[in-house]
Amino acid sequence: MPNTNIRDNIKQTLSTFMRQDCRLIAVSKTKPVSAIEEAYAAGIRDFGENKVQELTDKAVQLPEDIRWHMIGHLQRNKVKYIAPFVHLIQSVDSLRLLKQIDKEGKKIGRVISCLLQVHIAKEESKYGWDETELTDFLFGEEVREMKNIQVEGLMGMATNTEDQQTIRNEFRALAHLFERLKQEPLPDQVKMNELSMGMSGDYPIAQEEGSTMVRIGSAIFGARNYS
Ligand SMILES: *Cc1c(COP(=O)(O)O)cnc(C)c1O
């Protein structure tokens, strides 16, 4: 189990990385500003949060060179609160949401970087695009009209299970989709640079399957207390 020394946890986590070019996003949701400051002092600049209110509250209290990643389900009426400063919205789970992000980006003259969250897990409750939806969109006309979003790649979450093979199969399917799309002539608004997959429990498998970015919370900050 991770101890409470955030610096040690980061060092330990990075030492197990299979790919040194894989980016670590420290998932600080539910954790206090002081914990983020500790990780910042240890050199981390990328932090992930899953709630808009918490993200904006923390952002104003912390250094401006932090790159904030939105990783949780985002309601369309809340996009405006993070649009001015968010580094990457990883959890774009629908076309309606992407359109709203484009709209808010236009209002403030900013191109907002996004990942499209693909539904890869078996669980019904997980948000995200399925493959057909995604390809219809990427090769359709609508995306070409969007001038204030930049899709940087894909994000996915595996089924929450002990079964390593299920997890691997899901990551592998997403990586295949990512690699396939990379070969396609994509519109200017879409690049396949980033594949965000892997959390504390499954990031070694995700890295083996080709992840470029992992989102790690509890292995760095310890278990979360939801009260
Ligand atoms: C909470 C969360 C994580 C991090 O989970 P850990 O198991 O604590 O590493 C990663 N991705 C998303 C989308 C999350 O909501």
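How far is an oxygen atom of the ligand from an N or O atom in the side chain of Lys-29? I looked this up in what is a predicted model, and I found a separation of 2.7 Å between the ligand oxygen and the Lys-29 side-chain atom.

**Lys-29.** I then placed Lys-29 along the chain, where it sits in the loop that runs between strand E1 (23-27) and helix H2 (33-41). Its relative accessible area is 15%, and because buried means under 20%, I entered Lys-29 as buried. From the UniProt record, an unreviewed entry, I noted that the annotation "modified residue: N6-(pyridoxal phosphate)lysine" covers Lys-29.

**Ligand surroundings.** Turning to the other polar partners, I read 2.5 Å from an oxygen atom of the ligand to an N or O atom in the side chain of Ser-200, and 2.8 Å from a ligand oxygen to a polar backbone atom of Ser-218. The protein covers 90% of the 390 Å² of accessible area that the ligand has on its own. I listed the residues that surround the ligand, among them Val-27, Ile-71, Met-157, Met-199, Arg-215 and Arg-224, and by class I recorded five nonpolar, three polar and three charged residues in this shell.

**Thr-56.** As a separate entry I looked up Thr-56, which belongs to helix H3 (residues 52-61). Thr-56 is buried, with a relative accessible area of 18%. Once its neighbours within four places in sequence are left aside, I found Thr-56 in contact with Tyr-81, Ile-82 and Phe-85.

Key:
Residues are numbered from 1 along each chain as its sequence is written. This is a predicted model: local features need pLDDT of at least 70, side-chain atom pairs count only at pLDDT 80 or more; totals for chains, interfaces and linings use all residues. Side-chain values use heavy atoms; hydrogens and water are left out. A residue is near a molecule or strand if one of its heavy atoms lies within 4 Å of it. A polar contact is a pair of N or O atoms within 3.5 Å; within protein, one must be able to donate a hydrogen and the other to accept it, and residues adjacent in sequence count only if both atoms are side-chain atoms. Accessible areas come from the Shrake-Rupley method with a 1.4 Å probe; for residues, only the protein chains shown count as cover. Ala, Val, Leu, Ile, Met, Phe, Trp, Tyr, Cys and Pro count as nonpolar, Asp, Glu, Lys and Arg as charged, and the others, Gly among them, as polar. Helices (H or I, at least four residues) and strands (E, at least two) are DSSP runs, numbered from the N terminus. Buried means under 20% relative accessible area, exposed over 50%, partly exposed in between (1.4 Å probe, protein chains only). Contact means heavy atoms within 4.5 Å. UniProt positions are given in the numbering used here, feature names are shortened, and annotations may be inferred rather than shown by experiment.
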